[in-house]
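Q: I'd like to learn how to read a model like this one, feature by feature. Could you walk me through it?

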Amino acid sequence: MSPLGGAEGGEMSDEKTTLTDGSPVTPDHREIEPNTGMQKGYVVLSEAERAKGFVRPVRNKYIHGTCGVETRMGAALAETYAREPKFYSGTYCVACRAHFPVAEFIWSDSNEEVGS
Ligand SMILES: [Zn+2]
């Protein structure tokens, strides 16, 4: 027991997440790029966190049910889904150029709902 308290850390670590390139999460990463409709940056679990192991296969392609078009993503995003399937509430569609709830998407390889 520490008489000072509050020094234990535990879940307070702010290094559990980074942007896809491993850089620190910025306050404006959610800003939308007008050309693409994509965010400036996307949050992922840090490399150390992803290295703890995956609970799902690493899948990098999903299909938007509404338009039927496939979107591919980078390894850091795919591994974050594999480590923590419910990490994201929404995701990007390259055809619609916008973000939608993950339940509107299925993984190309398995026909399973993204986020499940
Ligand atoms: Zn779409």
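Q: Let's begin at the metal. Which arrangement do the four donor atoms around the zinc ion make, and why?
A: Keep in mind that this is a predicted model. To name a geometry, look at the angles between donors: four donors count as tetrahedral if all angles lie between 85 and 135 degrees. Here the angles subtended by the four donor atoms run from 105 to 116 degrees, so the arrangement around the zinc ion is tetrahedral.

Q: And which residues coordinate the zinc ion?
A: One histidine and three cysteines: His64 through ND1, and Cys67, Cys93 and Cys96 through SG. The distances are 2.0 to 2.3 Å. Written as a sequence pattern, the donor residues are spaced H-x2-C-x25-C-x2-C.

Q: Where do Cys67 and Cys96 sit in the chain?
A: Both are in loops, and the pair links distant parts of the chain, 29 residues apart. Cys67 belongs to the loop between strand S3 (61–64) and strand S4 (70–72). Cys96 belongs to the loop between strand S5 (90–93) and strand S6 (98–101).

Q: How exposed are Cys67 and Cys96?
A: For this you read the relative accessible area, where partly exposed is the band between 20% and 50%. Cys67 comes out at 33%, so Cys67 is partly exposed. Cys96, at 32%, is partly exposed as well.

Q: How do S5 and S6 pair, parallel or antiparallel?
A: The general idea is that strands of a sheet pair through backbone hydrogen bonds, in either a parallel or an antiparallel way. S5 and S6 take the antiparallel option, over four bridges. Within that pairing, Tyr92 stands opposite His99 in S6. The two strands form a hairpin with four residues between them. In the turn, look for Arg97, with a positive phi of about 55 degrees.

Q: Staying with S5, is Thr91 buried or exposed?
A: Thr91 is in strand S5, and a relative accessible area of 8% makes Thr91 buried. The side chains of Thr91 and Tyr62 are joined by a polar contact of 2.7 Å. Setting aside neighbours within four places in sequence, the contacts of Thr91 include Tyr62, Tyr81, Phe100 and Phe105.

Q: What should I look at for Thr71, in strand S4?
A: Start with burial again: the relative accessible area is 5%, so Thr71 is buried. Then check the polar partners: a polar atom of the Thr71 side chain lies 3.0 Å from the backbone nitrogen of Val94. Not counting residues up to four places away in sequence, Thr71 touches Asn60, Lys61, Tyr62, Tyr92, Cys93 and Val94. Cys93 in that list is also one of the zinc donors.

Q: What is the strand order in the open sheet of three strands?
A: The order is S4-S3-S7, with antiparallel pairing. To find the edges, ask which strands pair on one side only: here they are S4 and strand S7 (105–107). Neighbouring strands of this sheet are turned by 35 degrees against each other on average, ignoring direction. S3 is joined to S7 by three bridges, and Phe105 in S7 is the bridge partner of His64. That ties the sheet to the metal site, as His64 is also a zinc donor.

Q: Zooming out, how many helices and strands does the chain have?
A: There are two helices and seven strands, and along the sequence they follow the pattern β-β-α-β-β-α-β-β-β. Of the 116 residues in the chain, 31% are buried. Another handy summary is the share of long-range contacts: among contacts with a separation of 6 or more, 55% come from residues 24 or more positions apart.

Q: One last residue: is Glu47 buried or exposed?
A: Glu47 lies in helix H1 (residues 47–50) and is exposed, with a relative accessible area of 64%. Sequence distance and spatial distance are separate readings, so to speak: Glu47 and Glu15 are 32 residues apart in sequence and 9.8 Å apart in space, C-alpha to C-alpha.

Definitions and conventions. Residues are numbered from 1 along each chain as its sequence is written. This is a predicted model: local features need pLDDT of at least 70, side-chain atom pairs count only at pLDDT 80 or more; totals for chains, interfaces and linings use all residues. Side-chain values use heavy atoms; hydrogens and water are left out. Donors are N, O and S atoms within 2.8 Å of the metal (3.2 Å for Na, K and Ca); water is not among the atoms, so sites may look incomplete. Four donors count as tetrahedral if all angles lie between 85 and 135 degrees; four count as square planar and six as octahedral if opposite donors are over 155 degrees apart and all others between 65 and 115; anything else is irregular. Buried means under 20% relative accessible area, exposed over 50%, partly exposed in between (1.4 Å probe, protein chains only). A polar contact is a pair of N or O atoms within 3.5 Å; within protein, one must be able to donate a hydrogen and the other to accept it, and residues adjacent in sequence count only if both atoms are side-chain atoms. Contact means heavy atoms within 4.5 Å. Two strands pair if DSSP finds at least two bridges between them. Axes are lines fitted to C-alpha atoms, for helices over the stretch in contact, and angles run from 0 to 180 degrees between N-to-C directions.
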